[in-house]
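Colleague: I'm new to this, so could you take me through the model slowly and explain the terms as they come up?

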Amino acid sequence: MAAVPSAVHLPRCVVSPAGRHSASLIFLHGSGHSGQGLREWIKHVLNQDLTFQHIKIIYPTAPCRPYTPLNGGLSNVWFDRFKISMDCPEHLESIDSMCQVLSGLIDEEVKTGIQKSRILIGGFSMGGCMAMHLAYRNHPDVAGVFVLSGFLNKASVVYQDLQQGGRMLPELFQCHGSADGLVLHAWGKETNSKLKSLGVSTMFHSLPNLNHELNKTELEKLKSWILTRLPGETDGQSE
């Protein structure tokens, strides 16, 4: 499979802040979805858009590529997988090439004057896995990482990189449904435990009876956490 060129432009859906833009959030969709679709899904669950006074939300869409779990069928995915399982190698060629593409998105925000320490990266399912590779291997100076219903493979290169130690690491926020039949709750929990053992400050929220989907409880928890990592103005300006 040909690598995605780093110069590729990702289509994106952007929700602008209501006030002065001082922070940015990159929210990555799951396999086969789109940035616009993820925004609409969140809007449906919350009965309103996810919006902030000072944070711009960017929902990029992954390129369309052959995807092995679909027998090589085309799908909007961040990278290829040999199968949806913890017990297989990662498809590093496609992961690394997409890290380059998404790094361009981070660079765009920095060029507009947003500090890396004011950028959050996260996603749902495959998007959460992509966010962990992007942040912990390439951009450990971002404000934080969030993963909803996602996991890393048992022998992930992320773990190998973190074993080197000696650097500050962004905090990890995770939510996972206990009834998830596609990405097992145990996979998410094991990912969290491994990252914690490697020096990452983590939190893990189990959501009873939730399948492989979003719900209002987790999105409200996520919104609260986002505001702890990217607080608004502290100079007395009213919002």
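Modeller: Let me begin with what a pocket is: on a 1 Å grid over the protein atoms alone, a pocket is an open set of points with protein on both sides within 12 Å along at least five of seven lines, whereas a cavity is a set of points where a 1.4 Å probe fits but cannot get out, and lining residues have an atom within 4 Å of a point. Grid points are joined across faces, edges and corners, and a volume is the space filled by probe spheres set on the points. This is a predicted model, in which local features need pLDDT of at least 70 and side-chain atom pairs count only at pLDDT 80 or more, while totals for chains, interfaces and linings use all residues. Residues are numbered from 1 along each chain as its sequence is written, and side-chain values use heavy atoms, with hydrogens and water left out.

Colleague: OK, so how much space lies in the largest pocket, and which residues lie nearest its centre?

Modeller: The largest pocket holds about 170 Å³ of space. Its lining is made up of 13 residues, and those nearest the centre are Gly30, Ser31, Ser125, Leu182 and His212.

Colleague: What classes of residue make up that lining?

Modeller: The lining of the largest pocket has seven nonpolar, five polar and one charged residues. For these classes, Ala, Val, Leu, Ile, Met, Phe, Trp, Tyr, Cys and Pro count as nonpolar, Asp, Glu, Lys and Arg as charged, and the others, Gly among them, as polar.

Colleague: And how many cavities of 30 Å³ or more are there?

Modeller: Searching the whole structure turns up one cavity of 30 Å³ or more. The volume of the largest cavity is about 70 Å³. It is lined by 14 residues, with Phe79, Arg81, Glu90, Ile95 and Asn153 closest to its centre. By class, six of the lining residues of the largest cavity are nonpolar, four are polar and four are charged.

Colleague: Let's stay with Asn153: where is it, and is it buried or exposed?

Modeller: Asn153 sits in the loop between strand 7 and helix 4, where helices (H or I, at least four residues) and strands (E, at least two) are DSSP runs, numbered from the N terminus. Asn153 counts as buried because its relative accessibility is 7%; buried means under 20% relative accessible area, exposed over 50%, and partly exposed in between, with a 1.4 Å probe and protein chains only.

Colleague: What does its side chain lie 2.8 Å from?

Modeller: A polar atom of the Asn153 side chain lies 2.8 Å from the backbone oxygen of Cys88. Leaving aside neighbours within four places in sequence, Asn153 is in contact with Ser85, Met86, Cys88, Pro89, Glu90 and Tyr159, where contact means heavy atoms within 4.5 Å.

Colleague: Which residue in that loop has a positive phi although it is not a glycine?

Modeller: That is Ser149, with a positive phi of about 60°, and it lies in the loop between strand 7 (144-148) and helix 4 (157-162). Ser149 is buried, because its relative accessible area is 1%. Asn209 also has a positive phi, of about 65°, without being a glycine, and its place is in the loop between strand 9 (202-207) and helix 6 (216-229). Asn209 is exposed, because its relative accessible area is 70%.

Colleague: Switching topic, what about Trp78, buried or exposed?

Modeller: Trp78 is buried, because its relative accessible area is 0%, and it lies in the loop between strand 5 and helix 2. A polar atom of its side chain lies 2.8 Å from the backbone oxygen of His29.

Colleague: And where is Glu109, and what is it in contact with?

Modeller: Glu109 is in helix 2 and counts as buried, because its relative accessibility is 4%. Apart from neighbours within four places in sequence, Glu109 is in contact with His21, Ser24, Lys56, Ile58, Ile114 and Ile119.

Colleague: Last one: which residues does the UniProt domain annotation cover?

Modeller: According to the unreviewed UniProt entry, the annotation "domain: Phospholipase/carboxylesterase/thioesterase" covers residues 14-226; UniProt positions are given in the numbering used here, feature names are shortened, and annotations may be inferred rather than shown by experiment. In the model, the end C-alpha atoms of residues 14-226 lie 17 Å apart, and the span is 35% helix and 22% strand.

Technical notes: Polar contact = N/O pair within 3.5 Å; in protein donor to acceptor, adjacent residues only side chain to side chain.
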